[in-house]
Amino acid sequence: QVQLVESGGGLVQPGGSLKLSCTLSGSKFSRHVMGWYRQAPGKQRELVAMIFRGTSTTYAESVKGRFTISRDNAKNQVYLQMRSLRLEDTAVYYCSAGTVENNQAGTYWGQGTQVTVSS
């Protein structure tokens, strides 16, 4: 049973930085495409960033140049480094993993961690 646990959310001022972490258990981490999604109040959940089984990544246009996704297969962890945070980045951030067969995230989900950008 794949389980995902996020950590690292919190309150940060505009322009600040925050790093989210997510640990996968119950499966071989390196076989999964991993992603970070977010959902703001009243909005649909959206993809923030995805990292494939190697080092290839993809980002939402709104976070390009500010956020960096990375993975450590030895630690079974995926990270989201967020810089130059804006008010509109406020959301619940979810870690997600795909199945070992498919080439995208979105099958398994963590419980979410709140990120609030406020002055």
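Here are legends for a handful of close-up views of this predicted model. Local features need pLDDT of at least 70 and side-chain atom pairs count only at pLDDT 80 or more, while totals for chains, interfaces and linings use all residues. Residue numbers start from 1 along each chain as its sequence is written, and side-chain values use heavy atoms, with hydrogens and water left out.

**View 1. The disulfide between Cys22 and Cys95.**
This is the one disulfide in the structure, a disulfide being a pair of cysteine sulfur atoms within 2.5 Å. Here the S to S distance is 2.1 Å. Turn about the S-S bond and you get -80 degrees, which makes the link of Cys22 and Cys95 left-handed. Cys22 sits in strand E3 and Cys95 in strand E9, so the pair ties together parts that are 73 residues apart in sequence. Strands (E, at least two residues) are DSSP runs, numbered from the N terminus. Cys22 is buried at 1% relative accessibility, and Cys95 is buried at 0%. For the cut-offs, buried means under 20% relative accessible area, exposed over 50%, and partly exposed in between (1.4 Å probe, protein chains only).

**View 2. The largest nonpolar core.**
A nonpolar core is a set of buried Ala, Val, Leu, Ile, Met, Phe, Trp, Tyr and Cys residues joined through side-chain atoms within 4.5 Å. Which residues touch the most other members of the largest one? They are Met34, Trp36, Val78, Leu80, Met82 and Tyr93, out of 28 residues in the core. Two or more residues come from each of strands E3 (18-25), E4 (34-39), E5 (46-51), E7 (67-72), E8 (77-82), E9 (91-97) and E11 (113-117). As background, nonpolar side chains tend to be buried together in soluble globular proteins.

**View 3. Arg38 with its two acidic partners, Glu46 and Asp89.**
A salt bridge here is a side-chain nitrogen of Lys or Arg within 4 Å of a carboxyl oxygen of Asp or Glu, and the structure holds four of them. Arg38 meets Glu46 at 2.7 Å, N to O, and Asp89 at 2.9 Å, again N to O. Arg38 belongs to strand E4 and Asp89 to the loop between E8 and E9, so this pair ties together parts that are 51 residues apart in sequence. Arg38 and Asp89 are both buried, with Arg38 at 6% relative accessibility. Glu46, at 35%, counts as partly exposed.

**View 4. The Lys64 and Glu61 pair, then a salt-bridge network.**
Lys64 and Glu61 form a salt bridge whose closest N and O atoms are 2.7 Å apart. Is each partner buried, partly exposed or exposed? Lys64 is partly exposed at 46% relative accessibility, and Glu61 is exposed at 61%. Elsewhere, salt bridges that share partners join Arg38, Glu46, Arg66 and Asp89 into one network.

**View 5. An open, antiparallel sheet of four strands.**
The strand order is E1-E3-E8-E7, and two strands count as paired if DSSP finds at least two bridges between them. Strands E1 (3-7) and E7 stand at the edges with a single partner strand each, so one side of each is left without a neighbour in the sheet. On average, neighbouring strands are turned by 15 degrees against each other, direction ignored; the axes are lines fitted to C-alpha atoms, and angles run from 0 to 180 degrees between N-to-C directions. Six bridges join the antiparallel strands E7 and E8. Look for Arg71, whose bridge partner in E8 is Val78.
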